[in-house]
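Colleague: Could you take one part of this structure and walk me through it slowly, as you would for somebody in the first year of study?

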Amino acid sequence: MYVTITSILIWLIYIISLFFLTFWLLTFLEKGLEDEELKITSFPKVTITVPAYNEEKGLAETIYSILELDYPKEKIEVIIVNDCSKDKTKEIAIQLKQDNPNRDIKIINHKINQGKGKGMNNALKIAKGEFFVCLDADSVIQNNALKKMIPVFENKRVSAVLPLMKVKNPYGLMGKLQWCEYLINLFYKGIMGKIDCVHVAPGPFSVYRKKVLDEIGGFDENNLTEDLEITFRLQKSHYKIVQLLNTSVYTRVPLTWKAFYKQRNRWYKGTMINMFGYKDMIMNKKYGDFGLLQMPKIFISGFIAVFVFFLIVYHLLRPFFKFIYNTSFVNFNFDIFLATMTNKILNFSLLELNYTNIIFGVTSIALALTVLKLSFRYTKERYSNQGWISVPAYLILYGVIASGIWLGVFIDLIFRRVQKW
Amino acid sequence: MVRRISRKNMLTAGIITLSIFIIGILVGVTMSEKRVAYGDEQMIEQKMELDSLQLQYAFIDQANLVNHCAALSTAIDENVKKLGIIGDKIQTFSSDINFDEEEYDRLKREYVLSEMRFWLFAKKSQEICKKDVASIIYFYSNEADCFDCGAQSKVLTYLKEQLQDRLLIFSIDTSFKGEPLIGMLKEAYGIESYPSLLINDELHPGLVDEEDLRSMLCKIYEDKNGVC
């Protein structure tokens, strides 16, 4: 092999990943992650919008988590946007309004399905709150949320505050994988927030300053990932986005492979498309760390994922099938396999090990485990909370699955297959 | 508004990353040198073994000590096996990152020559000792050129395990361009495709499966016990 293009690419990816990991850990060491405990002094009005399309199952629980928020009742305005649901969403919304006559609940009914961005903008038009919140109907908010989040807006540059996002339904392999994924992502986002590098204010309970939303023109109505797009726009206008880790929103994640693929395909594709829309921010000093580090990182991560996918196929799956093929010629004789192995072990010399790869591997694994440990500490979870399988399953499977999805996204983009929301 | 740039952390992260990377590469290079030294040592040992065997053989021939033939044949088999292991190791070494292409080519070349010497010697020793041994030269190539080479190796290893010192296998990597002898052999026996087996001077191109190989060997052995 000597030094081939593949090995140079692997080294490059190693250098890039190691650089980012080290950078974020250094930032963490410098800034820490403890949220300042701010005392709430005033209670401004907050509008909470719940966009709902066929959400009959989760809607009531979502609305009740809002109604139970530890915040003055008259200061909360709820707007349910029923985006022409085909199920009983509309009836449930009306029932909820009737059941809580002393609460400020409004319902917007779309005659035709218009998408989430449009729904949020329609709510924005009638919203009376000083702050505007979106809460997807598949999510439930912790009752101390507004008390922790609203005081952060004392800083006039803050345009959005995000809670810690956790998985509400960590069931089965898929749920456990995502449970672990969310904890790590949120830890990472916590650090990013410290240097103004948050790149997405997700659907579940991102609190925006309404004035800023009006100023930048509301949500993009034709976007696969309007939450990512609006965050890019806020970053472009140099507003601050703060990620908190001291209050949580629990969101429902897809539990089947198909639903998961569909969701991620949309997210990743939306990321790529928006990346092209905001390409002038990539490597642009004007946007500080966000332009110099975060944008390039998001941009290349997809390409790296696809390359990793091919690496996995080439270096793990291909030899595996080749092995099966080759052994079929000796009728899968186990003795010969054993004899070859014994021979290898008996004649093993330490010189055979690939020390460069070992050093690269050990440093990567050590850093990854550090991040894992810190993630669990700062999101106040234990490894065993969802069974011992979740963390190893995440470590082994997540990269493979994500790379596979990225491959699908690139194929879609090449053939210009872009779904509607 | 001027956005903050974490210059200090970027620089520190860059320095840490590059340091780890350079350490990794340097260790790889150091090990690469150690491997060449190890390969050389093994090669010298093999040469010595061959010298010794050749002298033993000459002695048997002269003094007509045919009763020593069995011991000689076992010694040949053991050395060919050992040589095979060294060959595998050189293969493993050279597939790793290294910056010493020339040194590895030299090692590989020495290995090929050693194999050929043993092959010729094994053939010669047959004449006097008349042992019931078959020898195979297995011509293989890198995977891109030879899909079935892995399977052929498996079949050969399988039969070798069963026949032990009755079968001698010498494998030649035809994708190795550093030794003219390989080209000569290819020309002499008309080898064009891989895998190809040269069984006691008779060429069998293409993958030979276990059953076919058995029947071919069957024709060679006088004592057919355990073969067919």
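What follows is a request about one strand and a connected reply.

Colleague: Where do the residues of strand 1 of chain A point, and are they buried or exposed? Which strands of chain A pair with strand 1 of chain A?

Modeller: Please keep in mind that this is a predicted model. Strand 1 of chain A covers residues 46–52, and it is mostly covered, since 7 of its 7 residues are buried. In a regular strand the side chains alternate between the two faces of the sheet. Here V46(A), I48(A), V50(A) and A52(A) point one way from strand 1 of chain A, whereas T47(A), T49(A) and P51(A) point the other way, and the residues of both groups are all buried.

Turning to its partners, strand 1 of chain A pairs with strand 2 of chain A, residues 76–82, in the parallel sense and over 7 bridges. Within that pairing, A52(A) has N82(A) of strand 2 of chain A as its bridge partner. These two strands also belong to a right-handed β-α-β unit, in which they are joined by helix 2 of chain A, residues 59–67, as the helical member.

Strand 4 of chain A, residues 131–134, is another partner of strand 1 of chain A, and this pairing is likewise in the parallel sense, over 4 bridges. In this case V46(A) of strand 1 of chain A has F131(A) of strand 4 of chain A as its bridge partner. Strand 1 of chain A is therefore, taking the two pairings together, a strand that pairs in the parallel sense with strand 2 of chain A and with strand 4 of chain A.

Terms used:
Residues are numbered from 1 along each chain as its sequence is written. Chains are lettered from A and ligands numbered from 1 in the order in which they are written. This is a predicted model: local features need pLDDT of at least 70, side-chain atom pairs count only at pLDDT 80 or more; totals for chains, interfaces and linings use all residues. A residue is buried if 20 or more other C-beta atoms lie within 10 Å of its own, exposed if 12 or fewer, and partly exposed in between; C-beta atoms are placed from the backbone. A crossover is right-handed if, with the strands pointing away from the viewer, the path from the first strand over the helix to the second runs clockwise.
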